[in-house]
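User: I am new to this structure. Please give a close account of a single part of it, explaining each term where it is used.

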Amino acid sequence: MATQHSRSAARLMMTPAVVLLLGWMLVPLIMTLYFSFKKYLPLRGDSLERGLDWVGFDNYVRFIGSSSFWPSVQTTLVIVGGVLLITVVFGIFLALLLDQPFWGQGVVRILVIAPFFVMPTVSALVWKNMFMDPINGILAHLWRFFGAEPISWLSDASLQSLILIVSWQWLPFATLILLTAVQSLDSEQLEAAEMDGASPVARFGYIILPHLSRAITIVILIQTIFLLSIFAEIFVTTGGAFGTRTLTYLIFQRVIDSQNIGLGSAGGVYAIILANIVAIFLMRIVGKNLDR
């Protein structure tokens, strides 16, 4: 058992990292809260030395009173839900497929995981210009080959296209986590169930899926944290038009339009509140699997 001296030494060695981590998180949060009650227009030449005008909750009222606020919250939740659904379902399918022995298994696994290492901006540009371009895109040529009229994906099906782009980038992450969980499954259980006459669907529903519940929970929690702040894909593809403006992108537009850092900071506080609400919901509903 650790002695009092060793525990004190461990705390002392951990202190610099804890202080740095707290500073890294708390300083931006405190500055955001501070600016959210001020009218600060640095893009118009104002500086901190000239002082900041106190406006109280005016920035919060202006931001939430915008006609775009609630639609942006709805769009954010739709994108998060759509991406999670696609990545979890197809991630399970790919994990089970990649777990089967076949020729070139290692190469296929690398190719499946590779999109996760592509930067969001590059990924969005590739999809926008190579696949979804209504004139020269691969999908446009495919539609013409079958005698159909090409679709302008980013305007006619903008939200679905954005969900597809983001899902393509996050699917390798879900597949990797779920594949690790599949490989940890005891094969003797599956063999015993097969010998007892259980169908593949029954084996999946009663053995494989319960075993993957913890991995699915981890995938959902981690992806949600990052998906709530999606920005680059929207900026590159639609620019927030055609119903793809999320809360994060709305904050960006409000700062650019009003040139008021205080208004954007108030939007940032709303984004933090939304993220915490979603996190609490997930921890209560989905996170219970971690205790099993």
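Analyst: The account below treats the largest pocket, and then what lies around the helices that line it.

The model is a predicted one, in which local features need pLDDT of at least 70, side-chain atom pairs count only at pLDDT 80 or more, and totals for chains, interfaces and linings use all residues. Residues are numbered from 1 along each chain as its sequence is written, and side-chain values use heavy atoms, with hydrogens and water left out.

The largest pocket (an open set of points on a 1 Å grid over the protein atoms alone, where a 1.4 Å probe fits, with protein on both sides within 12 Å along at least five of seven lines) holds about 570 Å³ of space. That volume is the space filled by probe spheres set on points joined across faces, edges and corners. Its lining, meaning residues with an atom within 4 Å of a point, comprises 17 residues. Those nearest the centre of the largest pocket are I225, S229, A271, I272 and A275.

Three helices (DSSP runs of H or I, at least four residues, numbered from the N terminus) each bring two residues or more to this lining: α10 (200–227), α12 (247–258) and α13 (261–285). The greatest share comes from α13, with nine residues. I225 falls within the range of α10, while A271, I272 and A275 fall within that of α13.

In the lining of the largest pocket, eleven residues are nonpolar (Ala, Val, Leu, Ile, Met, Phe, Trp, Tyr, Cys or Pro). Another six are polar (those neither nonpolar nor charged, Gly among them), and none is charged (Asp, Glu, Lys or Arg).

The second largest pocket, by contrast, has two charged residues in its lining, beside five nonpolar and two polar ones. Its volume is about 230 Å³. L96, D99, Q100, V182, L185, D186, S187, L190 and I208 make up this lining, and I208 lies within the range of α10.

Helix α10 also contains P200. Because its relative accessible area is 58%, P200 is exposed (over 50%, with a 1.4 Å probe and protein chains only). The C-alpha atom of P200 is 9.5 Å from that of L190, ten residues away along the chain, and L190 belongs to the lining of the second largest pocket.

One backbone detail concerns the loop between α11 (232–237) and α12, where F242 is found. F242 is not a glycine, yet its phi is positive, at about 60°.

Notes
Buried < 20%, exposed > 50% of the residue type's maximum accessible area, 1.4 Å probe, protein only.
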